Amino acid sequence: MLRVSKFKVLSGAVCIAALLLFGFGTQQISPKLQAKIDQAVQTTYEVSDFGLEPILVNSELNGQTPSELGGENLFKITVDGSILGYVYVGQAPSMKNIFDYVVLFNPDRSIKKSKILIYREDYGRQVGSQRWLKQFIGKKSGESLVYGEDIDAISGATISAKSMTLAVGQVLESMQILDENQVF
């Protein structure tokens, strides 16, 4: 009987340690997603050799932003020590799942390109078309992003398109807050 209770205690301690290590650790980008991010940077900026340096945002400042900026989702793109632009990697909800997207910024933090990286639904894929996504190009923080007004609606992808519009708007607001706090 004493062995069983020691085993239970040891098992519980292992479970708690695993939860602490994996449950609260920094989010790691999967190799598949990282390859898609790298491809987006290469094609958008027309470079093959570049660096992605994480931009760390303290928790207090992160709490002031509408987008989550902790972990590995905001990077500075560098080539030979010069800043080429910035990358924000995020997730947004679709009808039944989530999708991964990236927003690529010019050095002045205006949007250079946005792209859906991984879409996990059978319907609503129109949200990933460059024809629709090009509406975000050139947008800066402080500009209006209202779905159906500033950003065209998409029939058959309403939820994902609204979600992407909201997400990009929140990223722009977050970039403005970081700018005001001299993070860049």
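The exercises below concern a predicted model and are each followed by a worked solution. Residues are numbered from 1 along each chain as its sequence is written. Local features need pLDDT of at least 70 and side-chain atom pairs count only at pLDDT 80 or more, while totals for chains, interfaces and linings use all residues; side-chain values use heavy atoms, with hydrogens and water left out.

**Exercise 1.** Determine how the span of helix H5 compares with its expected value.

*Solution.* Helices are DSSP runs (H or I, at least four residues), and strands are runs of E with at least two, both numbered from the N terminus. H5 covers residues 158-180. The expected span is 1.5 Å times one less than the number of residues. For the 23 residues of H5 this gives 33 Å, and the end C-alpha atoms are 33 Å apart, so the two agree. After H5 comes Gln182, with a positive phi near 55°.

**Exercise 2.** Classify Ser160 and Leu166 as buried or exposed.

*Solution.* Buried means under 20% relative accessible area, exposed over 50%, and partly exposed in between (1.4 Å probe, protein chains only). Ser160 lies in H5; its relative accessibility is 3%, so Ser160 is buried. Contact means heavy atoms within 4.5 Å. Leaving aside neighbours within four places in sequence, Ser160 contacts Pro93, Ser94, Met95, Phe99, Tyr119 and Val127. Leu166 is also in H5, but at 53% it counts as exposed. In sequence, Leu166 is 74 residues from Ala92, yet their C-alpha atoms are 8.9 Å apart.

**Exercise 3.** Identify which element gives the most residues to the largest nonpolar core.

*Solution.* A nonpolar core is a set of buried Ala, Val, Leu, Ile, Met, Phe, Trp, Tyr and Cys residues joined through side-chain atoms within 4.5 Å. The largest one has 33 residues, and Tyr101, Phe105, Trp132, Phe136 and Met164 have the most contacts inside it. Elements giving two or more residues are strands E3 (82-93), E4 (98-105) and E5 (111-119), and helices H4 (130-133) and H5. The most come from H5, with nine residues. A second, separate core of 16 residues includes Ile37, Val47, Phe75 and Leu117.

**Exercise 4.** List the contacts of Trp132 beyond four places in sequence.

*Solution.* Trp132 touches Gln126, Val127, Tyr147, Ile151, Asp152, Ile154, Ala161, Met164 and Thr165. Of these partners, Met164 is also among the core residues with the most contacts.
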